[in-house]
Amino acid sequence: QFFRRVTFCDPRRIVVKSPPHTARINTLLEIYPQAKFVHLVRDPFELFVSTVGLWRSLNEVQRMQAPSEEADIEEYVLATFERMYAAFERDRQRLDQDQIVELRYEDLVQNPLECMRKLYTELDLGDFTLVESAMQTHLASVKSYRPNRYQLTSEQRDRVAHRWKGYLDRYGYAAVERE
């Protein structure tokens, strides 16, 4: 209903960035059969530490009880990711080739304009030249942005490598595991 309200006066395509939607392909296709998906993959070790940090900060400001132990948060992140990707891998077969594009986060950071051009072409989103100038302006405005840097303990690295091995293998991050 929310999306219907948003598009009531403006029928343009809605873009939603929501990692949990990775596990909701079936539901989204039931509601929007012509939906298109951008599957952004990221170094799993950085993803793990970033997500643990997110949950730690959310616990600080939104909790209504004693904070979770660090091990509990880490287990929650590991298990949720496993469930999310089990659903994604099961349901992605429902998508036609022109409904999904996979992108590596590292490539997007390195070459954002080229990645966006690829998305527009592969998902048939229209004439990229119509938005290219606005994207260049935006990219110029954020060029000094520096992402957070994360550190993993060797125990965390081993746990992620073991639990998320399928992801590391499938998306080409197995070499990162050895660094």
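How many residues does helix 4 have, and how far does helix 4 reach from its first C-alpha to its last? In this predicted model, helix 4 has 22 residues and reaches 32 Å between those two C-alpha atoms, a span close to the 32 Å expected at 1.5 Å a residue. The helix belongs to a protein with 10 helices and 2 strands, whose elements, read from the N terminus, follow the order α-α-β-α-α-β-α-α-α-α-α-α.

The overall dimensions and surface of the protein may be described next. The C-alpha trace spans about 45 × 35 × 35 Å along its principal axes, and of the 179 residues in the protein, 30% are buried. Among the contacts with a separation of 6 or more, 67% are made by residues 24 or more positions apart in sequence. The exposed area of the protein is about 12,600 Å², of which carbon and sulfur atoms supply 53%. As for charge, the protein carries 26 positive and 28 negative side chains, and the centres of these two sets lie 4 Å apart.

In the interior, the largest nonpolar core has 27 residues, and those with the most contacts inside this core are F37, F48, F81, Y85, W164, Y167 and Y171. At least two residues of the core are supplied by each of helix 2 (25-31), strand 1 (37-41), helix 3 (44-62), helix 4 (70-91), helix 8 (154-163) and helix 9 (165-170). The element that gives the most to this core is helix 4, with 7 residues. One of the core residues with the most contacts, F81, is in contact with L47, W164 and Y167 when its neighbours within four places in sequence are left aside. Another core, of 5 residues, lies apart from the largest one and includes L103, C115, L119 and L123.

Helix 4 can now be considered residue by residue. Its buried residues are I73, E74, V77, L78, A79, F81, M84, Y85, A87, F88 and D91, and the elements covering them include helix 2, strand 1, helix 3, strand 2 (100-104), helix 8 and helix 9. Within this list, E74, which lies in helix 4, counts as buried because its relative accessible area is 7%, and the limit for a buried residue is under 20%. Not counting residues up to four places away in sequence, E74 touches F48, V52, Q156 and R159.

Two residues in loops offer further examples. R94 lies in the loop between helix 4 and strand 2, and since its relative accessibility is 45%, R94 counts as partly exposed. In sequence R94 and I25 are 69 residues apart, whereas in space their C-alpha atoms are 8.3 Å apart. With neighbours within four places in sequence left aside, the residues in contact with R94 are N26, L29 and Q99.

K143, in turn, is found in the loop between helix 7 (129-141) and helix 8. This residue is exposed because its relative accessible area is 66%, and a residue counts as exposed at over 50%. K143 and Q65 are separated by 78 residues in sequence and, from C-alpha to C-alpha, by 40 Å in space.

Terms used:
Residues numbered from 1 in each chain as written. Predicted model: local features only at pLDDT ≥ 70, side-chain atom pairs only at ≥ 80, totals over all residues. Heavy atoms only, no water. Helix = DSSP H or I, 4+ residues; strand = E, 2+ residues; numbered from the N terminus. Buried < 20%, exposed > 50% of the residue type's maximum accessible area, 1.4 Å probe, protein only. Contact = heavy atoms within 4.5 Å. Areas by Shrake-Rupley, 256 points an atom, 1.4 Å probe, with all protein chains shown as cover. Lys, Arg positive; Asp, Glu negative; His and termini not counted. Charge placed at Lys NZ, Arg CZ, Asp CG, Glu CD. Core = buried A, V, L, I, M, F, W, Y, C linked by side-chain atoms within 4.5 Å. Expected span 1.5 Å × (residues − 1).
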